[in-house]
Amino acid sequence: TQKEFDSIVDYLAATYPGEDVPKIKVNEARAIELESGLSLPRSQAAEIVQYRTQHGDFKSIEELEKVPGVDVKKIEAKRDRLLF
């Protein structure tokens with residue numbers, strides 16, 4: 001029944017809570033971590049790492065969005081996962 005199903009789901013949720021989604025340390029992350037964590041194409045993730053290497057660490061999402069050719073919408077969508 002729906003009531004039994006709901007009870008099982010409640011039990012499982014309480015007993016086996018999901019893990020927090022890991023944060024992305026923008027100034028330490030390798031290109032592959034940026035690619036998978038932000039759902040960016042490999043070329044854009046590499047651009048972020050190259051920009052960081054040439055210009056220094058990022059201090060905010062606004063600085064990250066200055067990287068040429070990076071999909072700002074994808075970064076904005078995951079801003080709560082970013083650590084600077």
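**Helices, salt bridges and spread of a predicted chain**

The chain holds five helices and two strands; helices (H or I, at least four residues) and strands (E, at least two) are DSSP runs, numbered from the N terminus. This is a predicted model, where local features need pLDDT of at least 70, side-chain atom pairs count only at pLDDT 80 or more, and totals for chains, interfaces and linings use all residues. Residues are numbered from 1 along each chain as its sequence is written, and side-chain values use heavy atoms, with hydrogens and water left out.

Me: Which element has the lowest mean pLDDT?

Reply: pLDDT is the predictor's confidence in each residue, from 0 to 100. The chain mean is 92, and 100% of residues reach 70 or more. Among the elements, H3 has the highest mean, 96, and the lowest, 90, belongs to helix H5 (residues 72-77).

Me: What is the radius of gyration of the chain?

Reply: The radius is taken over C-alpha atoms, and the globule rule is 2.2 Å times the number of residues to the power 0.38. For 84 residues the rule gives 12 Å; the chain is well over that, so it is more spread out than a compact globule, with a radius of gyration of 18 Å.

Me: Which residues form the network of salt bridges?

Reply: A salt bridge needs a side-chain nitrogen of Lys or Arg within 4 Å of a carboxyl oxygen of Asp or Glu. Arginine 79 meets glutamate 76 at 2.7 Å. Arginine 79 also bridges to glutamate 62, with the closest N and O atoms 4.0 Å apart. The network is therefore Glu62, Glu76 and Arg79.

Me: Is glutamate 35 buried or exposed?

Reply: Buried means under 20% relative accessible area, exposed over 50%, partly exposed in between (1.4 Å probe, protein chains only). Glutamate 35 shares a salt bridge with arginine 42 (3.4 Å, N to O). Arginine 42 is exposed, at 59%. Glutamate 35 has a relative accessible area of 18%, so it is buried.

Me: How do the rings of tyrosine 51 and phenylalanine 58 pair: stacked or edge-to-face?

Reply: Rings of Phe, Tyr and Trp (its six-membered ring) pair if their centres lie within 6.5 Å; planes under 30 degrees apart count as stacked, over 60 as edge-to-face and the rest as tilted. The whole structure has one aromatic pair. Its centres are 5.9 Å apart and its planes at 10°, so tyrosine 51 and phenylalanine 58 are stacked.

Me: Where does serine 39 lie?

Reply: Its phi is near 60°, a positive value in a residue other than glycine. At 37% relative accessibility, serine 39 is partly exposed. Serine 39 lies in the loop between helix H2 (31-38) and helix H3 (42-55).
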